[in-house]
Every structure is written in C-alpha cells, then in structure tokens.
Amino acid sequence: MSRIGYKTVNVPAGVEVKRDGDQVTVKGPKGELTQTFSSVISMKISDGAVDFDRPDNNNKTRALHGTQRANLNNMVEGVVSGFAKTLKLVGVGYRVQAKGKTLILSVGYSNPVEMAIPETLEVKVPDNTTINISGISKQEVGDFAAEVRAVRSPEPYKGKGIRYENEYVRIREGKTGK
C-alpha cells in the first residue's frame with residue numbers, strides 16, 4: 001500500500017501550483033518548473049495543499065500515485081529552497097576549474113575532459129578539488145552530478161576518482177605475494 005501517495009503536499013505562501021491538462025506548473029521565489037503528470041491520478045489543488053487520489057489498486061496505478069506526489073513535492077521544494085550536490089576529486093594531480101559555462105576536469109586522462117554546464121544549473125568551484133552543483137530541479141542536479149562522477153568514478157583499490165561529498169568508498173585489498 002502506498003503511504004507516500006496519500007500524504008498531502010503543503011504549498012508554502014508565495015508558491016503557486018497550476019494544472020493545465022497534463023501539465024503542472026509550480027512558480028516560486030527561485031523560478032518556475034513545469035512537468036507532465038498522468039491524468040490517471042486525480043489531483044486536487046486547494047489553498048495551501050495538494051492531494052492525490054487513485055481510481056483503483058492495480059500495481060501501475062499504485063506506483064504512479066506515489067511517484068507523482070513525490071515529483072510535485074520535489075518541484076515545490078525546488079522553487080522554494082533549491083537542491084545542491086557536492087562532488088570531491090580524490091587523487092594526486094586531480095583538479096577541476098570552471099571557465100564560463102564549461103567545466104574542465106583533469107582526472108588522469110591524457111587530455112582534460114570538458115563538460116558543458118546546463119543553463120538551468122549553477123556550478124561553483126570553491127577550490128580545485130571541489131564542485132558544487134545547485135539548481136531548482138532535483139532531477140537536473142542529480143543527472144549532471146552523475147555525469148560528472150561518471151568521468152572518473154572511484155576505483156576500489158586506492159579510492160581515486162570523483163565521488164559525492166559523503167560517499168564511502170570501500171577499499172579492497174590488492175594482490176599479495178607468496
């Protein structure tokens with residue numbers, strides 16, 4: 001049984017939620033987000049709260065019920081406070097720099113890796129081994145952070161690579177001689 005889907009999404013003052021057919025738009029102090037929602041799940045917008053209800057109990061409808069509620073909650077949270085992820089570069093000689101809308105990663109390859117920063121995100125490099133990614137869309141922040149991490153994910157023997165700030169990398173024991 002979905003417990004998440006039945007929870008009410010609280011809409012703070014200064015945030016506006018509108019539904020136009022399948023499109024749901026959330027406007028807030030940090031910006032505006034629009035997403036397509038399924039018409040199977042009914043959505044009731046009242047002042048200061050949004051409730052979701054499902055017509056039946058089959059598995060796909062139940063999954064969609066909780067997912068749509070979570071997506072709307074993330075949209076509301078994003079336009080109010082935003083989302084952020086921090087990445088750390090671990091390794092000798094690994095460094096990063098931001099030039100305009102390009103992120104340049106030197107992570108042990110023969111050439112530096114250049115990545116275009118999406119327009120909707122803000123990327124800051126406080127020092128040459130830290131990347132702060134922030135924006136109003138949880139999905140875009142997470143996707144871009146995953147793309148950056150995939151350039152050189154942490155390896156299990158020395159722990160070198162790009163990792164999330166609080167990520168724990170289990171170090172494995174190497175081969176031993178006789």
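How many bridges pair strand β9 with β10, and in which sense do the two strands run? Let's start there and work outwards, keeping in mind that this is a predicted model. Strand β9, residues 102-106, pairs with β10 over four bridges, in the antiparallel sense. To find a spot within this pairing, look for L105, which stands opposite V113 in β10.

These two strands belong to an open sheet of three, ordered β8-β9-β10, with antiparallel pairing. The edges are held by β8 (95-99) and β10 (113-116); each has a single partner strand, so one side of each has no neighbour in the sheet. From one strand to the next, the twist averages 20°.

Now bring in the helix that leads us to the next sheet. Helix α2, made of residues 138-151, lies across β9 and β10 and runs at about 170° to β10. The same helix, α2, also lies across β7 (83-90), β11, β12 and β13, where its direction is at about 5° to β7.

Those four strands make up an open sheet of their own, in the order β11-β12-β7-β13, again with antiparallel pairing. Its edge strands are β11 (122-124) and β13 (161-164), each of which pairs on one side only. On average, neighbouring strands here are turned by 20° against each other, direction ignored. At the β11 end, three bridges pair β11 with strand β12 (residues 130-135) in the antiparallel sense, and K124 has N132 in β12 as its bridge partner.

Next, turn to the earlier part of the chain, where several hairpins are waiting. Strand β2 (residues 16-20) runs antiparallel to strand β3 (residues 23-28), and five bridges join them. V17 stands opposite V26 in β3. Two residues lie between the strands of this hairpin, and G21 takes a positive phi near 70°. From β3 the chain goes on through another hairpin, where two residues lead to β4. Six bridges join β3 to β4, which run antiparallel, with G28 standing opposite G31 in β4.

A further hairpin is built from strand β5 (residues 42-46) and strand β6 (residues 49-53), an antiparallel pair joined by five bridges. S42 has D53 in β6 as its bridge partner. This hairpin has two residues between its strands, and here G48 takes a positive phi near 85°.

Where do the helices and strands come together around open space? The largest pocket holds about 210 Å³ of space. Its lining draws at least two residues from each of β4 (31-36), α1 (59-80) and α2. If you would like to pick the lining out in the viewer, select L33, T34, Q35, N71, N74, M75, S137, K138 and Q139.

Finally, a look at the aromatic rings. Which charged residues sit over the rings of Y109 and Y164? Over Y109 it is R152, whose charged end is 4.3 Å from the ring centre. Over Y164 it is K85, with its charged end 5.3 Å from the centre of the ring. Aromatic pairs are another matter: a search of the whole structure finds zero of them.

Terms used. Residues numbered from 1 in each chain as written. Predicted model: local features only at pLDDT ≥ 70, side-chain atom pairs only at ≥ 80, totals over all residues. Heavy atoms only, no water. Phe/Tyr/Trp six-rings, centres within 6.5 Å; stacked < 30°, edge-to-face > 60°. Lys NZ or Arg CZ within 6 Å of the ring centre and 35° of its normal. Pairing = 2+ DSSP bridges. Axes fitted to C-alpha atoms, helices over the stretch in contact; angles between N-to-C directions. Contact = heavy atoms within 4.5 Å. 1 Å grid on protein atoms, 1.4 Å probe; cavity = no way out; pocket = protein on both sides within 12 Å on 5 of 7 lines; lining within 4 Å. Points joined across faces, edges and corners; volume = space filled by probe spheres on them.
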